[in-house]
Amino acid sequence: MKKTLLTLFVAGAVTTIAGAQQNPILTPIRCPVPEKTWNFPAKPGTDEWVALGTREERLRVSQIPDEILRTISTEELVRLCLNFPFRVDFFLHNNRQQGVNKIASEFNGLQELFSRKDNIQYLLVLLENKELETALGDETLNHGRFALEFSLVEIMLAQESVLTNATPEQRANIASIALRNLNVKEQHYQIFGRSGLETTAYLLYANLRSLDSCGDLSPDLELFFNAGGLLFKPELLEKLRQNYTKTINR
């Protein structure tokens with residue numbers, strides 16, 4: 001069953017990824033639309049992509065030119081990272097953290113984003129504006145694409161290179177949003193599946209452990225985190241809620 005859900009999740013992402021470049025869900029509602037300074041010259045599903053032939057060539061043309069990378073806004077950089085042609089590779093590894101590390105090793109845009117001091121600002125805006133209940137009520141929404149993009153935002157926000165730029169108030173806010181989203185994803189498991197729960201749980205615990213100064217969080221949760229989200233099991237959700245109450249109310 002686990003394999004089936006993951007296969008459906010990834011398959012849905014692959015079939016819709018070519019059209020995701022213009023997805024309005026990726027545009028923060030409360031922020032101006034970033035000016036597009038560059039875009040990927042070839043995208044999955046196009047003749048140009050097919051003509052490149054190999055993964056190596058496709059990766060080569062997907063790198064942001066150095067002169068653009070040095071001057072591009074962080075907001076625009078986030079957009080490019082979320083639309084990276086190989087973004088589905090985040091989910092083709094043993095755990096979520098391995099997926100992030102792999103993409104970061106291959107894409108200069110993600111490397112640059114993780115080095116920016118204001119990365120938390122624009123990723124947090126996306127998380128705040130991706131209202132799950134509202135989005136799921138949209139009959140025109142492609143659920144597979146949305147679930148993929150939502151998980152990408154979550155796993156990026158869980159990175160130490162991002163959380164280190166967050167204030168304690170921002171981390172507590174992220175934890176609160178993650179807890180709310182975890183409840184929604186449980187209710188819509190048929191859309192988000194196990195993978196969706198994993199990334200939200202990973203984001204929630206990453207923030208809780210960054211806020212916990214006493215180091216008395218659950219060993220099972222610490223094992224789950226150190227395994228990059230691999231050892232997720234439904235029994236962890238109640239422990240996450242307990243640790244949230246203990247940490248936030250301390």
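**View 1. K102 and E106 in helix α6.** Being four residues apart in helix α6, a DSSP run of H or I with at least four residues, numbered from the N terminus, K102 and E106 are separated by about one helical turn. Their side chains meet in a salt bridge (3.1 Å, N to O), the term being used for a side-chain nitrogen of Lys or Arg within 4 Å of a carboxyl oxygen of Asp or Glu. K102 is partly exposed at 34% relative accessible area, whereas E106 is buried at 16%; buried means under 20%, exposed over 50% and partly exposed in between, with a 1.4 Å probe and protein chains only. A network of salt bridges links R55, D89, K102 and E106. The model is predicted, with local features needing pLDDT of at least 70 and side-chain atom pairs counting only at pLDDT 80 or more, while totals for chains, interfaces and linings use all residues. Residues are numbered from 1 along each chain as its sequence is written, and side-chain values use heavy atoms, leaving out hydrogens and water.

**View 2. E149 and R87, a salt bridge between distant parts of the chain.** The closest N and O atoms of E149 and R87 are 3.4 Å apart. E149 belongs to helix α10 and R87 to the loop between α5 (74-82) and α6, 62 residues apart. E149 is buried, with a relative accessible area of 0%, and R87 also counts as buried, at 1%.

**View 3. R116 and E112.** The side chains of R116 and E112 meet in a salt bridge (2.7 Å, N to O). R116 counts as buried at 13% relative accessibility, whereas E112 counts as partly exposed at 22%.

Note on methods: Helix = DSSP H or I, 4+ residues; strand = E, 2+ residues; numbered from the N terminus.
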